[in-house]
Amino acid sequence: VLSLLWFRRQLPRACTKFIEMILMVTADHGPAVSGAHNTIVTARAGKDLVSALCSGLLTIGPRFGGALDDAAKMFSQALDSGVSPKDFIEKMKKTNQLIMGIGHRIKSLANPDQRVEIIKNYAKTHFKTTPVLDFALGVEQLTTRKRANLILNVDGCIAVAFVDMIRSCGAFSREECDDLMSFGCLNGLFVLGRSIGFIG
(Lines give C-alpha, C1' and ligand atoms only; values in the text may rest on other atoms or scores of the structure.)
Protein backbone atom coordinates (compact mmCIF):
# COMPACT_ATOMS: atom_id res chain seq x y z
CA VAL A 1 0.00 0.00 0.00
CA LEU A 2 2.77 2.44 0.93
CA SER A 3 4.59 1.82 -2.34
CA LEU A 4 1.43 2.66 -4.30
CA LEU A 5 0.60 5.75 -2.24
CA TRP A 6 4.10 7.23 -1.95
CA PHE A 7 5.90 5.92 -5.02
CA ARG A 8 2.93 5.53 -7.41
CA ARG A 9 3.90 1.99 -8.39
CA GLN A 10 4.09 -1.51 -7.01
CA LEU A 11 7.65 -2.09 -5.86
CA PRO A 12 9.25 -5.55 -5.90
CA ARG A 13 8.68 -7.66 -2.76
CA ALA A 14 12.27 -7.16 -1.53
CA CYS A 15 11.64 -3.40 -1.55
CA THR A 16 8.29 -3.49 0.23
CA LYS A 17 9.75 -5.82 2.85
CA PHE A 18 12.62 -3.34 3.34
CA ILE A 19 10.15 -0.49 3.82
CA GLU A 20 8.31 -2.59 6.42
CA MET A 21 11.66 -3.22 8.10
CA ILE A 22 12.36 0.53 8.21
CA LEU A 23 9.01 1.10 9.93
CA MET A 24 9.80 -1.61 12.48
CA VAL A 25 13.33 -0.47 13.35
CA THR A 26 12.30 3.18 13.64
CA ALA A 27 9.12 2.55 15.67
CA ASP A 28 10.75 2.65 19.10
CA HIS A 29 14.06 3.43 20.72
CA GLY A 30 12.99 3.67 24.34
CA PRO A 31 11.55 6.48 26.48
CA ALA A 32 14.79 8.45 26.88
CA VAL A 33 14.99 9.94 23.38
CA SER A 34 13.70 13.49 23.02
CA GLY A 35 10.60 12.67 20.99
CA ALA A 36 9.42 9.90 23.32
CA HIS A 37 10.15 12.08 26.34
CA ASN A 38 8.08 14.97 24.98
CA THR A 39 5.23 12.64 24.03
CA ILE A 40 5.16 11.13 27.52
CA VAL A 41 5.35 14.50 29.30
CA THR A 42 2.55 15.92 27.13
CA ALA A 43 0.33 12.88 27.72
CA ARG A 44 1.03 12.98 31.47
CA ALA A 45 -0.01 16.64 31.46
CA GLY A 46 -3.46 15.48 30.40
CA LYS A 47 -3.32 16.43 26.74
CA ASP A 48 -5.04 14.30 24.09
CA LEU A 49 -3.31 11.68 21.93
CA VAL A 50 -2.87 13.91 18.87
CA SER A 51 -1.34 16.73 20.94
CA ALA A 52 1.05 14.31 22.64
CA LEU A 53 2.03 12.79 19.27
CA CYS A 54 2.62 16.23 17.75
CA SER A 55 4.78 17.23 20.71
CA GLY A 56 7.02 14.23 20.08
CA LEU A 57 7.13 14.69 16.31
CA LEU A 58 8.19 18.33 16.65
CA THR A 59 11.51 17.20 18.16
CA ILE A 60 12.50 15.37 14.96
CA GLY A 61 15.36 17.20 13.30
CA PRO A 62 18.93 16.74 12.06
CA ARG A 63 20.09 15.26 15.40
CA PHE A 64 17.05 13.09 16.04
CA GLY A 65 15.53 11.14 13.19
CA GLY A 66 15.64 13.93 10.64
CA ALA A 67 19.04 13.17 9.14
CA LEU A 68 17.93 10.52 6.68
CA ASP A 69 17.29 12.76 3.68
CA ASP A 70 20.52 14.70 4.22
CA ALA A 71 22.54 11.50 4.71
CA ALA A 72 21.12 10.03 1.50
CA LYS A 73 21.96 13.20 -0.38
CA MET A 74 25.47 13.58 1.06
CA PHE A 75 26.60 10.01 0.51
CA SER A 76 25.01 9.53 -2.92
CA GLN A 77 26.35 12.85 -4.24
CA ALA A 78 29.81 12.05 -2.91
CA LEU A 79 29.79 8.62 -4.55
CA ASP A 80 28.41 10.01 -7.82
CA SER A 81 31.10 12.70 -7.92
CA GLY A 82 33.82 10.06 -7.81
CA VAL A 83 35.56 11.24 -4.63
CA SER A 84 37.07 8.73 -2.26
CA PRO A 85 35.73 8.33 1.28
CA LYS A 86 38.91 10.00 2.57
CA ASP A 87 38.50 13.03 0.27
CA PHE A 88 34.82 13.27 1.21
CA ILE A 89 35.70 13.40 4.92
CA GLU A 90 38.40 16.03 4.27
CA LYS A 91 35.96 18.18 2.30
CA MET A 92 33.37 17.99 5.08
CA LYS A 93 36.03 18.86 7.65
CA LYS A 94 37.28 21.84 5.62
CA THR A 95 33.75 23.22 5.18
CA ASN A 96 32.97 22.56 8.87
CA GLN A 97 29.97 20.31 8.10
CA LEU A 98 28.74 17.33 10.04
CA ILE A 99 28.46 14.11 8.07
CA MET A 100 24.80 13.23 8.47
CA GLY A 101 24.29 9.57 9.32
CA ILE A 102 27.65 9.22 11.07
CA GLY A 103 27.95 9.12 14.85
CA HIS A 104 25.99 7.92 17.85
CA ARG A 105 25.98 8.98 21.51
CA ILE A 106 25.96 5.41 22.87
CA LYS A 107 26.60 2.93 20.07
CA SER A 108 30.16 2.31 18.86
CA LEU A 109 32.40 -0.30 17.26
CA ALA A 110 32.49 -2.15 20.59
CA ASN A 111 28.73 -1.73 21.13
CA PRO A 112 27.19 -1.95 17.64
CA ASP A 113 23.60 -0.98 16.89
CA GLN A 114 21.81 -4.21 15.98
CA ARG A 115 19.31 -2.26 13.86
CA VAL A 116 22.18 -1.20 11.61
CA GLU A 117 23.40 -4.78 11.33
CA ILE A 118 19.91 -5.98 10.34
CA ILE A 119 19.51 -3.29 7.67
CA LYS A 120 23.02 -3.74 6.31
CA ASN A 121 22.63 -7.53 6.04
CA TYR A 122 19.23 -7.22 4.37
CA ALA A 123 20.53 -4.77 1.78
CA LYS A 124 23.59 -6.90 1.01
CA THR A 125 21.41 -10.00 0.61
CA HIS A 126 18.41 -8.60 -1.30
CA PHE A 127 19.53 -5.60 -3.38
CA LYS A 128 21.26 -6.02 -6.74
CA THR A 129 24.03 -3.58 -5.84
CA THR A 130 24.95 -1.53 -2.78
CA PRO A 131 27.51 1.08 -3.89
CA VAL A 132 26.18 3.90 -1.69
CA LEU A 133 26.15 1.62 1.37
CA ASP A 134 29.66 0.47 0.50
CA PHE A 135 30.83 4.08 0.21
CA ALA A 136 29.28 4.94 3.59
CA LEU A 137 30.97 1.92 5.17
CA GLY A 138 34.26 3.16 3.70
CA VAL A 139 33.64 6.51 5.40
CA GLU A 140 32.85 4.69 8.66
CA GLN A 141 36.16 2.80 8.49
CA LEU A 142 37.97 6.14 8.50
CA THR A 143 35.81 8.05 10.99
CA THR A 144 35.99 5.28 13.58
CA ARG A 145 39.79 5.59 13.56
CA LYS A 146 39.26 9.01 15.11
CA ARG A 147 36.56 7.95 17.59
CA ALA A 148 34.85 4.58 18.02
CA ASN A 149 31.36 6.11 18.16
CA LEU A 150 31.66 7.77 14.72
CA ILE A 151 29.86 4.79 13.20
CA LEU A 152 27.31 4.63 10.41
CA ASN A 153 24.20 5.11 12.54
CA VAL A 154 20.69 3.78 11.91
CA ASP A 155 19.57 6.96 10.09
CA GLY A 156 22.61 6.81 7.81
CA CYS A 157 22.29 3.10 7.16
CA ILE A 158 18.60 3.35 6.28
CA ALA A 159 19.34 6.33 4.02
CA VAL A 160 22.14 4.79 1.98
CA ALA A 161 20.46 1.38 1.74
CA PHE A 162 17.26 3.07 0.55
CA VAL A 163 19.15 4.90 -2.21
CA ASP A 164 20.72 1.60 -3.29
CA MET A 165 17.28 -0.05 -3.23
CA ILE A 166 15.56 2.49 -5.46
CA ARG A 167 18.52 2.76 -7.83
CA SER A 168 18.84 -0.99 -8.32
CA CYS A 169 15.25 -2.30 -8.16
CA GLY A 170 14.40 -1.44 -11.78
CA ALA A 171 11.22 0.48 -10.92
CA PHE A 172 12.69 3.98 -11.32
CA SER A 173 14.80 5.91 -13.79
CA ARG A 174 17.86 7.67 -12.36
CA GLU A 175 16.02 11.01 -12.67
CA GLU A 176 13.06 9.61 -10.72
CA CYS A 177 15.44 8.33 -8.03
CA ASP A 178 16.97 11.79 -7.67
CA ASP A 179 13.50 13.37 -7.49
CA LEU A 180 12.45 10.96 -4.74
CA MET A 181 15.48 11.94 -2.70
CA SER A 182 14.58 15.62 -3.00
CA PHE A 183 10.99 15.11 -1.76
CA GLY A 184 11.82 14.15 1.83
CA CYS A 185 10.45 10.62 1.65
CA LEU A 186 13.14 9.17 3.92
CA ASN A 187 12.43 11.53 6.81
CA GLY A 188 8.78 10.75 6.12
CA LEU A 189 9.42 7.05 6.68
CA PHE A 190 11.09 7.83 10.02
CA VAL A 191 8.13 10.03 11.05
CA LEU A 192 5.69 7.28 10.08
CA GLY A 193 7.57 4.57 11.96
CA ARG A 194 8.24 6.65 15.05
CA SER A 195 4.61 7.83 15.18
CA ILE A 196 3.64 4.20 15.75
CA GLY A 197 6.04 4.08 18.71
CA PHE A 198 4.93 7.42 20.15
CA ILE A 199 1.27 6.41 20.01
CA GLY A 200 2.14 3.16 21.81
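Helices in this account are DSSP runs of type H or I with at least four residues, numbered from the N terminus. With that convention in hand, the predicted model can be walked through, beginning with its loops. N96 is found in the loop that connects α6 (85–94) to α7 (114–126). Its backbone is worth a look, since the phi of N96 is near 55 degrees, a positive value in a residue other than glycine. Most residues other than glycine have a negative phi. N96 is also exposed, with a relative accessible area of 72%.

A second residue of this kind is R8, whose phi is near 60 degrees, again positive in a residue other than glycine. R8 sits in the loop between α1 (2–7) and α2 (13–27). With a relative accessible area of 68%, R8 counts as exposed, because the cut-off for that class is over 50%.

The surface also offers a nonpolar feature. V1, L5, W6 and L192 together make a nonpolar surface patch of about 410 Å². Of these residues, V1 is placed in the segment before α1, and its relative accessible area of 78% makes V1 exposed.

Attention now turns to charged side chains. Side chains of opposite charge can pair when their charged atoms come close. In the present model, nine salt bridges are found. One of them joins E117 to K120, with the closest N and O atoms 3.3 Å apart. Both E117 and K120 belong to helix α7, where a spacing of three residues places them about one turn of the helix apart. The two partners fall into separate accessibility classes: K120 is buried, with a relative accessible area of 15%, whereas E117 counts as partly exposed at 25%.

Helix α7 also takes part in a contact with a neighbour in sequence. The side chains of D134 and K124 meet in a salt bridge, with an N to O distance of 2.2 Å. Since D134 lies in helix α8 (residues 131–146) and K124 in helix α7, this pair ties together parts that are ten residues apart in sequence. Both ends of the bridge are partly exposed, with relative accessibility of 36% for D134 and 41% for K124.

A further salt bridge is formed within helix α10, between the side chains of D178 and R174, at 3.9 Å from N to O. That value lies inside the 4 Å limit, so the pair counts as a salt bridge. D178 and R174 are four residues apart in helix α10 (residues 174–182), which means that about one helical turn separates them. D178 is partly exposed at 40% relative accessibility, and R174 is partly exposed at 43%. The pair does not stand alone: through salt bridges that share partners, D80, R167, R174 and D178 are joined into one network.

Helix α10 also holds L180, a buried residue with a relative accessible area of 8%. Between the C-alpha atoms of L180 and V154, which are 26 residues apart along the chain, the separation is 20 Å.

Helix α11 (residues 185–199) contains 15 residues, and the distance from its first C-alpha to its last is 21 Å, close to the 21 Å expected at 1.5 Å a residue. Several of its positions are buried, including C185, L186, L189, F190, G193, S195 and F198. R194, also in helix α11, invites a question: which side chain of opposite charge is nearest to R194, and how many Å away is it? The nearest is D28, at 6.0 Å, and R194 is buried yet has no salt bridge. A salt bridge requires a nitrogen to oxygen distance within 4 Å, so a separation of 6.0 Å falls outside that limit. R194 does have a polar contact, however, as its side chain reaches the backbone oxygen of T26 at 2.5 Å.

A similar kind of contact is present in helix α8, where T143 is placed. The side chain of T143 reaches the backbone oxygen of E140 at 3.2 Å. T143 is buried, with a relative accessible area of 9%.

Notes. Residues numbered from 1 in each chain as written. Predicted model: local features only at pLDDT ≥ 70, side-chain atom pairs only at ≥ 80, totals over all residues. Heavy atoms only, no water. Helix = DSSP H or I, 4+ residues; strand = E, 2+ residues; numbered from the N terminus. Buried < 20%, exposed > 50% of the residue type's maximum accessible area, 1.4 Å probe, protein only. Patch = residues over 30% accessible without salt bridge, like charges linked within 9 Å, V, L, I, M, F, W, Y side chains within 5 Å. Areas by Shrake-Rupley, 256 points an atom, 1.4 Å probe, with all protein chains shown as cover. Expected span 1.5 Å × (residues − 1). Lys, Arg positive; Asp, Glu negative; His and termini not counted. Polar contact = N/O pair within 3.5 Å; in protein donor to acceptor, adjacent residues only side chain to side chain.
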